[in-house]
Amino acid sequence: MEKLTNREQLSSVEPVKETEDTGDVSGVFRVLEGFSNLSQTHKSSQEAVGGIITSSNLEPDEYAPVLKGALVKLNELDKQEGQIIAEAHASVLKTIRDWVNKHRMAATLLVAGALHSPVIFKSTGFAESIQNILQNVKKWEMPNMVIRPQIEAEKQDVINRIHERGARVDHQKINAYKKEQLKKIENGEAIKLNDTYLELEELNGENPEKVKIAKQKKQEMINKFAERMGSDLSEEFIESVVNEMFGADTNYEWGQGSTTEYFITGKRNCVSIARAEQMVFEALIDRLPEANRDKYQLGTAFEKQHEIAILKVLKPDKTISRTYFLQPPVNTLFGTAERPGSPTVDLASMQRAMMSEKPTKISSNAKAGDIPPSPDIEVLTNQPVSSNIEIQGELKGSGYIERIVKDRKIEIQWKEPSITDDIPDLEIIKNDQVHKAKTEIQKSYEFIEAHTPHCEDIAKCLDKESLDKAIPFCAIDLSSIDWKNLPKNQVKEIIDNLKYDRKMVKPDTVNFGNIDNLPQDKIDDFILVGYPEIQFTIKKGSEEARLINSILKYNQSFQESKKQKLSTFPRLHLNLDEDLPDHYFVQILNNFKGEELILDRKNTKTRAYYTDQEVEAIITSKVDNLYLEGADFTEEAIQKIINNPNKTYHFGLTLYLENLERYPEIINLTHIRPWIDKVLTSSELQDVIDNLHLEKRASIVPFLEKIERESIDKFFNAHR
Amino acid sequence: MRNIKAKQEIQELLDSLKDDLQEYSRRLENLGIERREILRLFARRLEQLEVQKIQKRIKEQVYGKIDE
């Protein structure tokens, strides 16, 4: 029986011993080694058979039948064992792969730990597979990772610069300019980026002096390149222009600055350099002999939070011969090969998008899951002009950004997945909403504090001489908050911040913008914030009816129940989208009950007349004080209002002045009053005066001058 | 905080892998028992054959060659 004892030592599988791991990295590798060792078993049973035969004194023909029978059984077991091992390996690889995909940060630690743990791995296919899975966890490929290249002070600096630029923006001028350019495009006119882009930057608040210098520098740059260009664009020439324009990587600034700034300082971000290159190449192509011009097409390739100017070379049949990526090392793509996750837009389409009101939507050309995940860049950007292109689908991570991150040794950080983690605009991260809202709220209260005689923050208080006891018009503007994509807890955080009792006079109004996707209870919360006026924007879309119904439902329950926390319903200020169907206007007027309601159609492109149904709703409305703006009254309609003093009608200044010209007597009617909803400019005032009958001027001009003063007081610090 | 969370996640992986390893080891152990039994029977059978061979040789020495 001694032989049997030896044979028992050849047992195929050792039972797994419990290790005393503590959940650390080496514990994982010890268990993985256990899986790796599973494969060493069946070999020993073959050795056992050999050992048994050798130790016997039988001739092969004597044990052959017995051996045959045993081998059939053992082979069957080997087969089963192989299947179990394969299953075990497949299972563990799947477990690891799934886990790595789900927990990238932990996977990073695991990989890092593997470098220091006394492992273990022998070069078997299985072990290599595990190593491959883990080693492929490169930081760049991890979802829920962010690159935060800016410190808080830098962010604040960006905010300051945005405000500084924003103070110079004239939206009316921009809109007029864009309309004019769009008209040209629609008439088939090819507009040049060289003629428009720096103009757009200036309209968006770029310093005019700087723009002037930039135009000069741009021209010098074009002339310099043109001198060595020849009669066509050679590959060598294209590369030299790109490399020279880019300069060193130290010139790259995260999402900061304009093309104006690039031409003056050489500092660049992907947008500013792309536009600069497009302008330079556009001008160079224009200087080529006519026969060579048509074969070039400029455009932009998009990557995640990055863009690259491209130059396509077309064949005579207009198909693409090759595409140069105008970014070092100037990669070339031949033919019409697609880059999934990196769509391109030609320059003409981009210019149309830039001049259009609504964004141009394009597909990323990538199916879900095709693109390896890459980190988001959380950076506050300051770029004057938006390309107004919205990309739908996943975008591939940018190798260029990856290189900058690596070179600058910027730490990639892990963060909790959030529903606001959409692919953001180019180099713009939107997930800063709570901070943005709190800043707006804080700003308004600081403004009020500075205007109060007992102001405590000496640095911010106004001096006694300039201090007016009356607090001027003050609004909290939350209209730019992306309520649609904001998680519930963040909405609550903003509401709580608004409701926080600051023992101070509250700002006059809170503008929430568009909140149409929020549920009823949240809309109720918004109404209950406890401010004298609340503003909502109602846009034409899928949810506008629900929002209106929610507001009216709350208004009704407020009127019916006296248990509400507020003594009065706040003045409701509804900014109505220009395309909003008329029946909503009527529905609101017919159903809203309360002291004050503002219906503002200020955005109407061309002022239309209120319809008969609307006029009927206006005069029959149960609201005590009705504020109106955005459309005109026909003669018949204004007569109806004059004859129905059942409420006070507050006309926005544009509406009031138009009617004052036609019916000067309204200044004597107490139920029709001017609603100061904007600053009255001296040219507007002069227009009204010029249109008045001469005999009426003497009595009306002092009234108009009073309105002018009040409008200035209301909107520009009445205390000064 | 991130490291604590990551450690918890590594622990979850470890627990999951250990469970799997136990399960596959148990199944292989069962096969091992079968294999040992087959080997034991094989060895036993060879011993019996050896015994038979020895008995046959002794018989032949005593009784002369036996035709089977």
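A residue counts as buried here if 20 or more other C-beta atoms lie within 10 Å of its own. By that yardstick, 31% of the 720 residues of chain A are buried in this predicted model. Chain A is built from 26 helices and 18 strands. Contacts that reach a long way along the sequence are common in chain A: take the contacts with a separation of 6 or more, and 74% of them join residues 24 or more positions apart.

Two sheets of chain A are worth a walk-through. The first one is an open sheet of five strands, in the order E5-E4-E3-E2-E6, with antiparallel pairing. Strand E5 (332–334) and E6 sit at its edges with a single partner strand each, so one side of each has no neighbour in the sheet. On average, neighbouring strands here are turned by 30 degrees against each other, direction ignored.

Inside this sheet, strand E2 (residues 296–303) of chain A has six of its eight residues buried, so it is largely enclosed by the rest of the structure. On one hand, E2(A) runs antiparallel to strand E3 (residues 306–314) of chain A, and eight bridges join the two. Phe302(A) stands opposite Glu307(A) in that pairing. The hairpin of E2(A) and E3(A) has two residues between the strands, and Gln305(A) takes a positive phi near 55 degrees there. On the other hand, E2(A) is also joined by three bridges to strand E6 (residues 344–346) of chain A, again antiparallel, with Ala301(A) opposite Thr344(A). Further along the sheet, strand E4 (residues 320–325) of chain A and E5(A) share three bridges and run antiparallel. In this pair, Thr323(A) stands opposite Leu333(A).

The second sheet is open too, but it has eight strands and parallel pairing, in the order E11-E12-E13-E14-E15-E16-E17-E18 of chain A. Its edges are strand E11 (475–477) and strand E18 (672–675), each with a single partner strand, so one side of each is left without a neighbour in the sheet. The average turn between neighbouring strands of this sheet is 20 degrees, direction ignored. Strand E14 (residues 571–576) and strand E15 (residues 596–600) of chain A run parallel and are joined by four bridges. Leu572(A) has Leu597(A) in E15(A) as its bridge partner.

Leu597(A) turns up again when the contacts are listed. Leaving aside neighbours within four places in sequence, Leu597(A) is in contact with Leu572(A), Phe592(A), Val623(A), Leu626(A) and Tyr627(A). In soluble globular proteins, nonpolar side chains tend to be buried together. The largest nonpolar core in this model holds 58 residues, and those touching the most other members are Ile515(A), Ile534(A), Leu574(A), Leu597(A) and Leu599(A). Helix H24 (residues 653–662) of chain A gives the most to this core, namely four residues. At least three residues of the core come from each of domain 3 (432–505) and domain 4 (512–678) of chain A. There is also a second, separate core of 40 residues, including Ala214(A), Val280(A), Val345(A) and Ile391(A).

Finally, chain A has company. On the chain B side, 34 residues are in contact with 48 residues of chain A. That side of chain B is made up of 15 nonpolar, five polar and 14 charged residues.

Note on methods: Residues are numbered from 1 along each chain as its sequence is written. Chains are lettered from A and ligands numbered from 1 in the order in which they are written. This is a predicted model: local features need pLDDT of at least 70, side-chain atom pairs count only at pLDDT 80 or more; totals for chains, interfaces and linings use all residues. Two residues are in contact if their C-beta atoms, placed from the backbone, lie within 7 Å. Ala, Val, Leu, Ile, Met, Phe, Trp, Tyr, Cys and Pro count as nonpolar, Asp, Glu, Lys and Arg as charged, and the others, Gly among them, as polar. A residue is buried if 20 or more other C-beta atoms lie within 10 Å of its own, exposed if 12 or fewer, and partly exposed in between; C-beta atoms are placed from the backbone. Two strands pair if DSSP finds at least two bridges between them. Axes are lines fitted to C-alpha atoms, for helices over the stretch in contact, and angles run from 0 to 180 degrees between N-to-C directions. A nonpolar core is a set of buried Ala, Val, Leu, Ile, Met, Phe, Trp, Tyr and Cys residues joined through C-beta atoms within 7 Å. Domain bounds come from an automatic or database domain assignment.
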